[in-house]
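Subject: Handover of a structure, with findings

Dear colleague,

Please find below the structure that I am passing to you, together with its sequence. My notes on what was found follow directly after it.

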Amino acid sequence: MALIDFKVLPGIDKQDTESGAENRWVDCDNTRFRYGLPEKVGGWSSLVSDSIVSVARREFAFVDLDGNKYVAIGTDKFLLIYFEGQLYDITPIKSTIGSVVMSATDASKEVSVTFSSAHNLQSGDIILLSNVSVPPGIGLTDAAFEGKLFQVTRITNSLIAIVTGTQTTTGAAGGGSCDITPYEPVGPAAQSYGYGWGISEWDGIVSSAVTTTLNGTLGDNNNGTSGSTIALTSATGFPTTGRIQVGTELISYTGVSTNNLTGITRAVDGSTRAAHSSGATVTNAADFVDWGEASSASVVTLEPGLWSLSNFGQVLVSTIANGKTFTWNAGDAARLTTRASTTTSGFSTSANPTATRVTLVSPTTRHLIHLGTETTIGSTATQDNMFIRFSDQEDINDYTPTAINTAGTQRLQDGTKIMGALKGKDSILIWTDNALYSMKFIGAPFTFGFEQVGTNCGLIGKNAAVEIDGVAFWMSNNGFFMFDGTVKSLPCSVEDYVYDQADTTKGQQIYAGLNNQFTEVVWYYPSTSSDYNDQYVVLNYGEKVEGGVWYIGTEARTSWIDASVYPKPSATKFNDSASGTFPVIVGQSGLGQTTLFEHEVGTDQVNPDGSTTTVTSFVKSYDFDIQSEGMAGDVFLAMRRFIPDFKDLQGNAKVTLAVKRYPQQSDTTTSLSPFTITASTDKKDTRARGRFVNIKIENTDVSESWRFGTLKIDIQPDGRR
């Protein structure tokens, strides 16, 4: 029989069945479509020999007045600068706490640090030690601690514990001292929602909950540690009435007397009474949510540690989500050994709001804009998630509106919180969780004008939107949208697939990236089986096909920036089961590893140690059949041979034929598959027979890349059974 061309439209169709998606590809990974043809994506190579401790959530590239190029990287623990192939730690720090007592308990890797008053540190915080004098006789020197970073691993109101990385050689020992400088905390590594008593499990806790310890044994009885009271090491921070959690037991109380809780009731809210030893952790459970109890998102939602990064000329402006704003001057001669701060010379942010969801610098007027911020500057209790405050023009530290400046405020109405904002072509676009607003400079007396341009189109996460050439694309809780002057819902041929598997409760982890060279917008998102981004979906806005060209994959990133300051895109990949190498955290545990990659280079993944990992890719066609006399699928087909046609082929490609008798059956790979294709392959004999056949093109080894053209296939009817 004569050969026929096997041609398939670009993009992936998962809205239909594999046999119903006629003339479409139905699955792929690490594959893109360009000028209608599928091809393997470009490779990526580590930009530094170090890997980053913690998970990166934001990248921002900028240039100083001398033309030096920088990338700021915000993680859930640190603020870093990438410059000339090196990483630098510029994380802002808190005030130093001096002369705290160090001690060692048992022969272990743990050292305790005791404070004379409440320290306000949380488990997981990063601290810097200085002026160290170790407890005598523990087998460790001052140098093992001096000038080094540690992670807080255990905590009470007056004590924290850190892991030394090296076991002490004695039992309990005291008499040491040090100064502690805490890093500014950013937030959790992953977003979580509250269930049961806490944030994820029956015995989960709210991360900011006050903790202390029992000062005496609490028996399995109706009394407390002393009569009908519970004695605590410290009652500082506990409300006058409330409840506590000890182990898995919830206990209510009606009063506080010095460090004793009075009027106690054991085993409340369905918990079970139990015995608890002296020194057991006691947690304020006033904000915990019970089964069947309605709760607000502010109680049950723990957003991940996020940053807003922008520039005021050569000055980096960085804001911790729901926290403070800091600056870092790239023009400072000692910039690489200077930290971001609220007191940067000439660019202070000491008068800025101290709790803000999102910040950015307006592109033409140079106002610093705070979105979802305080109505009273400096009072975090007044943070209004829909309130906007902007500075005076050219002065990022003046927020008091007067008759002679352009500072001001505005509150949006549609939604419950501002989710994100972008600099558009002629305005600033602001998304709430339900609507889209346009913010334009209009001059005196109002400075900025605000217009609602869309509703029921809210942003799913702070970083889930991009803008290119005056058009914004974003991901919502209920679909994909674009704004080109009018909000439009985007038809998406993989929409059900994405939303069925995406964990939309972790929307703040979703990251949208732009790869303008290939006219791609990509959204990286976590699936329901992962705590971190492990999937992606792409819209190729340059391919003119009805309904758009969409494709999917699994090589996920937690942040991305397009080629602009640097000639290639860069992105971060997170591995929660590995440990990073920068910054060095003594005895670190559970912080994960982020690798900074330059993309669209080579064909493979080049790791920080120089080793190479294969980037595999594939694309799979729909199940095609014999289309004859309106009797689709009525007869079996025999595929006897095919002639490959690749636009470009480096190394080998594999072509696999799979057959099935009925659409709902699983693929059965044909006996001669897979077929290895090289640049010199003329044809392949197949012996494939079935009612339906699909074709898969892939690569599985290093130094391989391909761009598919078409196949010429020899098929003919072959009976009805």
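In which strand does Phe60 lie? Phe60 belongs to strand S8, which covers residues 56-63. Please keep in mind throughout that this is a predicted model.

Phe60 and the second largest pocket

Phe60 is a convenient place to begin. Its relative accessible area is 16%, so Phe60 counts as buried. Although 501 residues separate Phe60 from Ile561 in sequence, the C-alpha atoms of the two are 6.9 Å apart in space.

Phe60 also leads to the second largest pocket, whose volume is about 1,000 Å³. This pocket is lined by 38 residues, and those closest to its centre are Arg58, Phe60, Leu422, Lys423 and Glu467. Seen by element, two or more lining residues come from each of S8, strand S27 (307-312), strand S30 (358-361), strand S34 (418-423), S38, S42 and strand S46 (559-561). S27 provides the largest share of this lining, with five residues. By class, the lining of the second largest pocket comprises 20 nonpolar, eleven polar and seven charged residues.

The hairpin of S38 and S39

Glu467, one of the residues closest to the centre of that pocket, also takes part in strand pairing: its bridge partner in S39 is Ala472. Strand S38 (residues 465-468) and strand S39 (residues 471-476) run antiparallel and are joined by four bridges. The two strands form a hairpin, with two residues between them. In the turn, Asp469 has a positive phi of about 50°.

The sheet S42-S43-S44-S45

S42, which contributes to the lining of the second largest pocket, is also part of an open sheet. This sheet has four strands in the order S42-S43-S44-S45, and the pairing is antiparallel. Strand S42 (511-515) and strand S45 (549-553) each have a single partner strand, so one side of each is left without a neighbour in the sheet. On average, and with direction ignored, neighbouring strands of this sheet are turned by 20° against each other. Between S44 and S45 there are five bridges, in the antiparallel sense. Within that pairing, Val537 has Ile552 of S45 as its bridge partner.

The largest cavity

Two strands of this sheet, S43 and S44, reappear in the lining of the largest cavity. How many cavities of 30 Å³ or more does a search of the whole structure find? The search finds three, and the largest cavity has a volume of about 200 Å³. Its lining consists of 18 residues, and Arg32, Val41, Tyr524, Tyr536 and Trp560 are the ones nearest its centre. Strand S4 (31-34), strand S43 (520-525) and strand S44 (535-540) each supply at least two of the lining residues. The largest share, three residues, comes from S43. The lining of the largest cavity divides by class into eight nonpolar, five polar and five charged residues.

The sheet S19-S25-S21-S22

A further open sheet is made of four strands in the order S19-S25-S21-S22, again with antiparallel pairing. Strand S19 (211-213) and strand S22 (249-253) are its edge strands, and each of them pairs on one side only. From one strand to the next, the twist averages 30°. Strand S21 (residues 242-246) pairs with S22 over five bridges in the antiparallel sense. Gly242, for instance, has Tyr253 in S22 as its bridge partner.

Cysteines

How many disulfides does a search of the whole structure find? The search finds zero. Cys457 is in no disulfide, and the nearest cysteine sulfur, in Cys492, is 17 Å away. Cys457 has a relative accessibility of 0% and therefore counts as buried. For Cys492, the closest cysteine sulfur is that of Cys28, and the distance of 12 Å is too far for a bond. Cys492 likewise counts as buried, because its relative accessibility is 10%.

In reading the model, it may help to start at Phe60 in S8, and to go from there to the second largest pocket, where Phe60 is among the residues closest to the centre.

With kind regards

Note on methods. Residues numbered from 1 in each chain as written. Predicted model: local features only at pLDDT ≥ 70, side-chain atom pairs only at ≥ 80, totals over all residues. Heavy atoms only, no water. 1 Å grid on protein atoms, 1.4 Å probe; cavity = no way out; pocket = protein on both sides within 12 Å on 5 of 7 lines; lining within 4 Å. Points joined across faces, edges and corners; volume = space filled by probe spheres on them. Nonpolar A, V, L, I, M, F, W, Y, C, P; charged D, E, K, R; others polar. Pairing = 2+ DSSP bridges. Axes fitted to C-alpha atoms, helices over the stretch in contact; angles between N-to-C directions. Disulfide = S-S within 2.5 Å. Buried < 20%, exposed > 50% of the residue type's maximum accessible area, 1.4 Å probe, protein only.
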